[in-house]
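User: I've got a protein model open and I'm not sure how to read its inside. Can you walk me through it?

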Amino acid sequence: MSNSRKPAILGGTPVRTQPFAHRVTMGQAEQVAVREVLDSDVLSAFIGSAGKFFNGGTRVLEFESAWTSTYGFKHAISVNSWTAGLVTAIGACGIEPGDEVICPPFTMSASATSCLFYGGIPVFADIDPETFCIDPASIERCITPRTKAIMVVHLFGHPADMDAILAIAAKHSLKVIEDAAQAPGVFYKGRPVGTIGDVGGFSLNFHKHIHTGEGGVIVTNDDRLAHRCRLIRNHGENAMEGMSDEEMANCIGNNYRLTEIQSAIGTAQLAKLKGHLATRTLLVDHLRKRLQGLPGLRPQAHPAESTHAYYLLPMHFDAQAAGMSRSQFVQAVLAELPKPQGFEGTALTEGYVKPLYLTPIYQKRIAIGTKGFPFNLAPAGWPVYDKGICPVTERMYEKELLLCPVVREPLTTSDMDDVADAITKVLENAEAIAATVQSENRLFTPVEAAISTDVR
Ligand SMILES: *Cc1c(COP(=O)(O)O)cnc(C)c1O
């Protein structure tokens, strides 16, 4: 076998050693915007009492109106992280101690933990094997008289099946919260995600499509929910004169305020989102074409009547058809490609996150205090957090799911060709790889995965 056909993991020449280009997020527009805020000397204009600056300063308001005018949302409320946004949305929806919130278990932990702060209890529904988002049929099986809301996550940038979810919510009078952290600018059947349900929003942390370092934005078309979100964001207890008891509930506030500098950066970033989404779609289309018909590998299809943000490209892996284990495949493909630089992750990962119900917080039912609150408010034996409750999620985590994160700007279709060449070469050498390479257990808990992302 010639050295270029021989897999790199078995001593052959890799497909590529030249590192992939870094993501560059900050440019001239952000620098000018930050300089203007510094020159103004007002780095935050929020005041935590009722009055003119209760909702923030000029840049905050500009940033929020950039979201409403770009996507037609009625309200946008900036916050200092999307985790803070999720907690705020849960509070605004009136979740009370003992209320149940149906969540997917295959998501960033905060999608589920956000309800715990108000005494809400996550009940986990399984995911759809094609969208990787919460499965409406599984939601119906989780509904009890205590269910108050459905947390929908548009995972990896693919919109969830909102029509079916809204129908269930209407039937049982449930609130729908959309965690669109990975899906900014996505349209589900022509409607922008975030306000298809009652309230939703986006993350602006460093790793997301656009960012402000840390940050988030809540969106809603509901005036009452928007008002409640603004109270929770900024010491709502100081602006409650004349409110009814019901309206006061949950509106004690926090300090979840985004700064003027972050907001100014955010406005410049939002102007770039459409371009990023177009690039990602182009790269994925190219990669998908190149991978078509390969044994054992199936990239997620583009949604038929909707758009996709391609935060990551998910793929199904079939070990039998590929002729090797998922771990052997990933190791062999990574050996063909350049080592990641700095904050960049590897070009291929397996499994995503451990199903959330298997993590210690649910296994031990310890969240607020030491006595098991709020889990101790649920009937005995409920909710069930046992292994096996969400078989599709567990199968994706343990066996089937691969994620390709390099479908991002500023990469090009020629970079995608290298990824496709690496994958093709590995599959052509399945027998030798299967016989030689050791399978490794690369499935980490979410915390271990976060620590392992090579922060140097
Ligand atoms: C990133 C992310 C969050 C949390 O957002 P932060 O801004 O980091 O707090 C929540 N849910 C999902 C699905 C995410 O990807």
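Analyst: Sure, let's begin with the nonpolar core. In soluble globular proteins, nonpolar side chains tend to be buried together. In this predicted model, the largest nonpolar core has 53 residues, and Trp-67, Phe-106 and Ile-165 touch the most other members.

User: Which helices and strands supply at least two residues of this core each?

Analyst: The helices are H2 (58-71), H5 (136-142), H6 (162-172), H9 (260-291) and H13 (391-400). The strands are S4 (147-153), S9 (216-220) and S13 (401-404).

User: Okay, and what does Trp-67 touch?

Analyst: Skip residues up to four places away in sequence, and you'll find Trp-67 touching Gly-72, Phe-73, Ala-76, Phe-202, Leu-204, Ile-210, Val-217 and Leu-270. There's also a second, separate core of 39 residues, with Val-87, Ile-95, Leu-356 and Tyr-357 among them.

User: Now the ligand. Which residues come nearest?

Analyst: Look at who is around it and what kind of residues they are. Of the 14 residues around the ligand, Thr-83, Asp-179, Ser-203, Asn-205 and Lys-208 come nearest. The shell splits into eight polar, four nonpolar and two charged residues.

User: Where are the polar contacts of the ligand's oxygen atoms?

Analyst: Try Asn-205 to start: an N or O atom in its side chain is 2.8 Å from a ligand oxygen. For the side chain of Gln-182, an N or O atom sits 2.9 Å from an oxygen of the ligand. With Trp-82, it's a polar backbone atom that is 2.9 Å from a ligand oxygen.

User: And how much of the ligand does the protein cover?

Analyst: On its own the ligand has 390 Å² of accessible area, and the protein covers 92% of that.

Conventions. Residues are numbered from 1 along each chain as its sequence is written. This is a predicted model: local features need pLDDT of at least 70, side-chain atom pairs count only at pLDDT 80 or more; totals for chains, interfaces and linings use all residues. Side-chain values use heavy atoms; hydrogens and water are left out. A residue is near a molecule or strand if one of its heavy atoms lies within 4 Å of it. A polar contact is a pair of N or O atoms within 3.5 Å; within protein, one must be able to donate a hydrogen and the other to accept it, and residues adjacent in sequence count only if both atoms are side-chain atoms. Accessible areas come from the Shrake-Rupley method with a 1.4 Å probe; for residues, only the protein chains shown count as cover. Ala, Val, Leu, Ile, Met, Phe, Trp, Tyr, Cys and Pro count as nonpolar, Asp, Glu, Lys and Arg as charged, and the others, Gly among them, as polar. A nonpolar core is a set of buried Ala, Val, Leu, Ile, Met, Phe, Trp, Tyr and Cys residues joined through side-chain atoms within 4.5 Å. Buried means under 20% relative accessible area, exposed over 50%, partly exposed in between (1.4 Å probe, protein chains only). Helices (H or I, at least four residues) and strands (E, at least two) are DSSP runs, numbered from the N terminus. Contact means heavy atoms within 4.5 Å.
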